[in-house]
Amino acid sequence: MSGTFVGMPAFPEAARAAVGDATLRANLRHATHTIRDKRARAVAELDDWARLREAGKRIKDHTLRHLDRYLLRLEEAVTAAGGTVHWAADAAEANRIVTRLVQETGESEVVKVKSMATQEIGLNEALEAAGVRAYETDLAELIVQLGHDRPSHILVPAIHRNRGEIRDIFRAEMGRWGRPAPEGLTDTPAELAEAARLHLREKFLRARVGISGANFMVAETGTLVVVESEGNGRMCLTLPETLISVVGVEKVVPTWRDLEVFLQTLPRSSTAERMNPYTSTWTGTTDSDGPRAFHLVLLDNGRTDTLADEVGRQALRCIRCSACLNVCPVYERAGGHAYGSVYPGPIGAILSPQLRGTASAVDASLPYASSLCGACYEVCPVAIDIPEVLVHLRERVVEGGEVTRRGVRVRLRPAKGHAAERAAMRAARWVFGHPGALRAGQRLASRTRAVHPRTLPGPGRAWSATRDLPPVPAEPFRDWWRRTHGEGSGA
């Protein structure tokens, strides 16, 4: 996976800097609280939400168990409908395929629908290196692109920006990319939206190549689905002569009946709407409507390796609703950039280390970017147990062990910086396995409690710097039990 933000420090270091930014924290707090409150009201309207959630989980799990079958069925259906399917094992191959397809049209610019997959593989940068300019058309993605910035949220990539900052970006940058911002532009939402609409309109009408992702792919008919709120996606999917869609292999669902479940859960969990304002579907090509050529690039890029992990594979259920980000206390304070990936928040903390591996400092730190409070699991519309996967990945970082990389089983070495933790866990295992030593240690701890330090020494200092050490009781539980219940009470 190529989507690492180059030069990013490990999560704790990046988060420390973000927490010190008062403006960023205010922007995040306002936005996340607003979105999650609206979502809670939208979900509460459905009496069968729990059943829909379970249905979504089962559909995804069934599809992942039979992924090979459904992908081949999808390829057959897309081909029969006039499309062309390409298979990309990794980011580099996907970028080569898309760049070649664009160059074959003779065009030097493309318009894009918001797509996490193309951000993951660094497609815009690959196209730029080949002399092709890619224009983002989603409003938030446009803000990020014009601001030479990075996305910080799955649903609202510019969540870290306020209206004044957006106005300044439009004034300074729009003219360099096309139609300039109107004179006297203010920071009112209506004026900002109108400035973006006028700026993008000429690009929609001029572009001959569109690039998209997809929220879902229906195997039985070869239909792709994009849901959005602005209408820019509809323009990109219908006006260009050539449409190229880059989609992760896990986005396939077997039938239209399965799709119906997600068209209820996704809008309520993401934008707190009963249904998306724009739900665009297309199946291949037709002679009288839409693009004349359609190419589907099926992206692996670590997904089948993730599928091989019995615990971690549940991350592939994700439908990119971002509900977990909006309830996460860590994300609310640190923001998305600290995660060093296009996938921020709790889902990014379990998805990025599996797609990219845990060799880098950033990826090795992501499983620890959580308090394990469980709020993310409670709101996930496909019941991904994110805390379970986080603990699983922490074990992988500390202990190493066997994983699948590019379809081959390999053994990871333990990550650096965890020697003290491993030694402490081994010592604890030995003590708990020897009751006599445990009793002696408990009694010693009780008798010396008056001289216990308030913070831990050495590597433990990082833990106790933000936590109070629990006080040691005056006597161990076993001694108390024997004293109050008698020697033969079974303690």
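Into which domains is the chain divided? I looked this up before anything else and found domain 1 (1-45 + 302-416), domain 2 (48-294) and domain 3 (434-485); such bounds come from an automatic or database domain assignment.

A note on ground rules: this is a predicted model, where local features need pLDDT of at least 70, side-chain atom pairs count only at pLDDT 80 or more, and totals for chains, interfaces and linings use all residues. Residues are numbered from 1 along each chain as its sequence is written, and side-chain values use heavy atoms, with hydrogens and water left out.

Next I checked spacing: the centres of domain 1 and domain 3, taken over C-alpha atoms, are 34 Å apart.

I then turned to the UniProt record, an unreviewed entry, which places "domain: LUD" at residues 73-297; UniProt positions are in the numbering used here, feature names are shortened, and annotations may be inferred rather than shown by experiment. I found 44% helix and 20% strand in residues 73-297, with 15 Å between the end C-alpha atoms. Helices (H or I, at least four residues) and strands (E, at least two) are DSSP runs, numbered from the N terminus.

On to the sheet, which is open, has 6 strands in the order 1-10-7-4-2-3, and pairs in parallel; pairing requires at least two DSSP bridges between two strands. Strand 1 (84-88) and strand 3 (133-136) are at the edges with a single partner strand each, so one side of each has no neighbour in the sheet. The twist averages 25° from one strand to the next, with axes fitted as lines to C-alpha atoms (for helices, over the stretch in contact) and angles from 0 to 180 degrees between N-to-C directions.

Lastly, I followed strand 7 (residues 242-248), which pairs in the parallel sense with strand 10 (residues 293-299) over 7 bridges; Val-246 has Val-297 of strand 10 as its bridge partner.
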